[in-house]
Amino acid sequence: MNGRKPIREALIRRKIVHWRNAARSPNFYKNISPSRARRNYWRLVGHYPDIARRLGFDEASVYD
């Protein structure tokens, strides 16, 4: 992803929060399966652990 660092990090934060919410609320996100949401969330946390840590999320945050 190209872009200035603050904008890039904001987009990544938005994606992490979106996939976490989708994994935790399958009734709200009916078109996204919880397993797909967890997989995408874990991929983002694996690629950007520092951003996830700043948000207070870890791998198990999808189960809270």
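This short presentation covers a helix pair, a set of salt bridges and two residues of helix H1 in a predicted model.

Good morning, colleagues. I shall begin with the packing of the helices. Two packed helices are described by the angle between their axes and the distance between the axes. In this model, the pair in question is helix H1, residues 5-24, and helix H2, residues 34-47. Their axes come within 8 Å and cross at roughly 150 degrees. An angle over 145 degrees counts as roughly antiparallel, and H1 and H2 are therefore roughly antiparallel to each other. As to handedness, the crossing in which H1 passes H2 is left-handed.

Which residues make up this contact? On the H1 side they are Lys15, Ile16, Trp19, Arg20, Ala22 and Ala23. On the H2 side, they meet Pro34, Arg36, Ala37, Arg38, Asn40, Tyr41 and Leu44. By character, the residues of this contact divide into eight nonpolar, one polar and four charged.

Let me now take one of the charged participants, Arg20, which is placed in helix H1. Is Arg20 buried or exposed? With a relative accessibility of 13%, Arg20 counts as buried, because the cut-off for that class is under 20%. If neighbours within four places in sequence are set aside, the contacts of Arg20 are Tyr41, Phe57 and Ser61. Tyr41 belongs to the H2 side of the helix contact just described. Along the chain, Arg20 and Ile7 are 13 residues apart, and their C-alpha atoms are separated by 20 Å.

The second residue of H1 that I wish to discuss is Val17. Its relative accessibility is 31%, so Val17 counts as partly exposed. Not counting residues up to four places away in sequence, Val17 touches Leu55 and Phe57. Phe57 also appears among the contacts of Arg20. Val17 and Gly3, 14 residues apart in sequence, lie 20 Å apart in space, C-alpha to C-alpha.

I turn next to the electrostatic pairs. Side chains of opposite charge can pair when their charged atoms come close. How many salt bridges does a search of the whole structure find? The search finds two.

One joins Glu9 to Arg54, with the closest N and O atoms 3.3 Å apart. This pair links distant parts of the chain: Glu9 is in helix H1 and Arg54 in helix H3, residues 49-55, with their positions 45 residues apart. The two partners fall into separate accessibility classes: Glu9 counts as buried at 15% relative accessibility, whereas Arg54 counts as exposed at 53%.

The other salt bridge brings together the side chains of Asp50 and Arg54, at 3.7 Å from N to O. Asp50 and Arg54 are four residues apart in helix H3, and are therefore separated by about one helical turn. Asp50 is partly exposed, given its relative accessible area of 38%.

Arg54 takes part in both the pair with Glu9 and the pair with Asp50. Glu9, Asp50 and Arg54 are accordingly linked in a network of salt bridges.

That concludes my presentation, and I thank you for your attention.

Terms used
Residues numbered from 1 in each chain as written. Predicted model: local features only at pLDDT ≥ 70, side-chain atom pairs only at ≥ 80, totals over all residues. Heavy atoms only, no water. Axes fitted to C-alpha atoms, helices over the stretch in contact; angles between N-to-C directions. Helix = DSSP H or I, 4+ residues; strand = E, 2+ residues; numbered from the N terminus. Parallel < 35°, antiparallel > 145°, perpendicular 65-115°, else oblique. Left-handed = near helix turned anticlockwise from the far one by under 90°. Contact = heavy atoms within 4.5 Å. Nonpolar A, V, L, I, M, F, W, Y, C, P; charged D, E, K, R; others polar. Buried < 20%, exposed > 50% of the residue type's maximum accessible area, 1.4 Å probe, protein only. Salt bridge = Lys/Arg side-chain N within 4 Å of Asp/Glu carboxyl O.
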